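Please look at the chain below slowly, and keep both the sequence and the picture in view while you read. The paragraphs that follow lead through its sheets, its surface and its charged pairs in turn.

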Amino acid sequence: MKMKFMGAVRTVTGSKTLCQFGRVKFLVDAGLFQGSKKNRLLNWELDFNPKTLDFVILTHAHIDHIGLLPKLYREGIRCPVYCTKGTLELSEILLKDSAHIQEEDAEFANKTGHSIHKPALPLYSVKDAENILTLFKILPRDEWIDLGKDLKVRFLRSGHIIGSSFIQLLCSENNTSQIVTFSGDLGNGRSLILKPPVEISETDYLILESTYGDRVQVRISPEETLGRYLRIILNRNGVVIIPAFSVGRTQEVLFLINELMVAKKIREVPVYLDSPMSSSANRIFLENKEDHVLKIENNKLISSISPSSYHEVESVEESKKISKENGPMIIVTSSGMISGGRVLHHLKLRLPHKENGVIFVGYQAEETKGRLLVDGIDKIRIHHQEVPVHADIFSVDGLTAHADYIDILAWLGHLKKAPKLIILNHGEDRALKHLKLLIEGEFNYRVGIAEPGLEFDTLSNIGD
């Protein structure tokens, strides 16, 4: 099988791998590049023809793995998009929301006149998102599905978010067969509410993520750290802004806030979820019982993921209203790396005031606004305005949905025989190099690093 790495290469966004087996051409994931303007501009230019694809296979529903799909529809894709039930349900809300943000940003640019494009156009529209969703086809987990042309696919739970899966491809040719596995994003097995990833016993080739390939996450519950930061801000009647990915992270954050309030470890204050997408994700999370560990009896949830003071903010008018209210309060809102949406408006109003605070609960990629704040920038540009940063900026470890290098090595340890090659992607330079050294040293496996535009055939030797 031939592969060309077209995204998430020496970076952690834009996941997409173009594959070809015989005459069958397909994508594994079709993610949006996020972060710097240089990265975002990559979304506008495609170096392949979507019309030639026979199908797309999705590992999970995060925008950096599915967010380019509406653009592909606009460019002519009409093939099936294979995924799990949970991935489809989440994609329905995430893709429409992403398209809505694209349209809002273009409208705002035209209103303010700050774009060099006249008029500024969205990357894709809500209609494009709705259209691509009609091509989605649900496949079950844990069984080989025949895709024709001597190619089969199997989805296995990866424990990252609802619906997330390892993709295994069984390629048969000339009386021989080989398994190629795409890890997608690998869960760490320490989630308070998600089931852990399954173990795999064999694969000939493994395309492995390395987001935390140079880091060890804390092995204590994040509840104590989150509680400490919340007390600091709430006790001075400040407003807490928690940027969180709508899928997975938001549910864990709300679960922890509820636990802290029930235990009287933080004040009971209003908790606003200012993201209609996150509200929908909450409901999808609870309905996909095969992926979470929350207790349900007689179709009723026993474990709560939201405190009694919880409010869902639906309209823009409601969002504007709470942005003008005084603390203490907690606002959980997307997006996790502050790439767009309502969080920008909240930060623009709250960052200049020292009684407030921002708590990051996940990875912040290079050159994102989230990384700039975590690194201590004293002014940040939001909506083409310089905003002073006087609010406290905190980070909570232990809530990431990704495996760290210890988790990755433990997961690899379940392989019963050495893969012919492991190719690392979805990581920044230091993480990639560090994880490569660790895997080679621990297992003596052959390990290569994906490069932009690299074309790889399973018959070649990229690992040397």
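A residue is called buried when its relative accessible area is under 20%, exposed when that area is over 50%, and partly exposed in between. The model shown here is a predicted one, and these words will return throughout the description.

Take Leu41 as a trial case, a residue that belongs to helix H1, which covers residues 37–41. Its relative accessible area is 48%, so Leu41 is partly exposed. Leu41 also takes part in a feature of the surface, for together with Trp44 and Leu121 it makes a nonpolar patch of about 320 Å².

We can now turn to the sheets. One of them is an open sheet of seven strands, in the order S6-S5-S4-S3-S2-S1-S24, and its pairing is mixed. At its edges stand strand S6 (136–138) and strand S24 (455–457), each of which pairs on one side only, and from one strand to the next the twist averages 25°. Within this sheet, strand S1 (residues 2–7) and strand S2 (residues 16–21) run antiparallel and are joined by five bridges; Lys4, for example, has Leu18 in S2 opposite it. Helix H4, made of residues 85–112, packs on the sheet, where it touches strand S5 (81–83) and S6, and its direction makes about 150° with that of S6.

Another open sheet has six strands, with the order S16-S13-S17-S12-S18-S21 and parallel pairing. Here the edge strands are S16 (310–312) and S21 (392–395), each pairing on one side only, while the twist averages 20° from one strand to the next. Helix H7 (residues 249–262) packs on this sheet and touches strand S12 (239–243), strand S13 (271–273), S16 and strand S17 (329–333), with its direction at about 160° to that of S17. Helix H8, which comprises residues 276–287, lies across S13 and S16 and runs at about 115° to S16.

Strand S12 deserves a closer look. Which strands does S12 pair with, and over how many bridges? With S17 it pairs in the parallel sense over five bridges, and one position to look for is Ile242, which stands opposite Val332 in S17. With S18 the pairing is also in the parallel sense, over two bridges, and there Val240 stands opposite Gly357. Strand S18 (residues 357–360) in turn pairs with S21 in the parallel sense over four bridges, and in S21 the bridge partner of Val358 is Ile393.

How many of the five residues of S12 are buried? Five of the five are, and the strand is accordingly described as mostly covered. In a regular strand, side chains alternate between the two faces of the sheet. In S12, Val239, Ile241 and Pro243 point one way, whereas Val240 and Ile242 point the other way, and all of these residues are buried.

The charged side chains come next. Side chains of opposite charge can pair when their charged atoms come close. The structure holds 21 salt bridges, and one of them joins Asp128 to Arg74, with the closest N and O atoms 2.9 Å apart. Asp128 lies in helix H5 (residues 126–133) and Arg74 in helix H3 (residues 69–74), so this pair ties together parts that are 54 residues apart in sequence. Asp128 has a relative accessibility of 9% and therefore counts as buried, whereas Arg74, at 41%, is partly exposed.

Another pair is formed by Glu428 and Arg371, whose closest N and O atoms are 3.6 Å apart. Glu428 is found in the loop between strand S22 (421–425) and helix H13 (429–443), and Arg371 in helix H11 (residues 369–374), so that distant parts of the chain, 57 residues apart, are linked. Both Glu428 and Arg371 are buried.

A salt bridge can also be found within one helix, as Lys436 and Glu440 show, for both lie in helix H13, four residues apart, which is about one turn of the helix. Their closest N and O atoms are 2.6 Å apart. Lys436 has a relative accessible area of 22% and is partly exposed, and Glu440, with 26%, is partly exposed. Finally, salt bridges link Arg190, Arg219, Asp404 and Asp407 in a network.

Conventions: Residues are numbered from 1 along each chain as its sequence is written. This is a predicted model: local features need pLDDT of at least 70, side-chain atom pairs count only at pLDDT 80 or more; totals for chains, interfaces and linings use all residues. Side-chain values use heavy atoms; hydrogens and water are left out. Two strands pair if DSSP finds at least two bridges between them. Axes are lines fitted to C-alpha atoms, for helices over the stretch in contact, and angles run from 0 to 180 degrees between N-to-C directions. Contact means heavy atoms within 4.5 Å. Patches are made of residues with over 30% relative accessible area and no salt bridge: like charges are joined within 9 Å, nonpolar side chains (Val, Leu, Ile, Met, Phe, Trp, Tyr) within 5 Å. Accessible areas come from the Shrake-Rupley method with a 1.4 Å probe; for residues, only the protein chains shown count as cover. A salt bridge is a side-chain nitrogen of Lys or Arg within 4 Å of a carboxyl oxygen of Asp or Glu. Buried means under 20% relative accessible area, exposed over 50%, partly exposed in between (1.4 Å probe, protein chains only).
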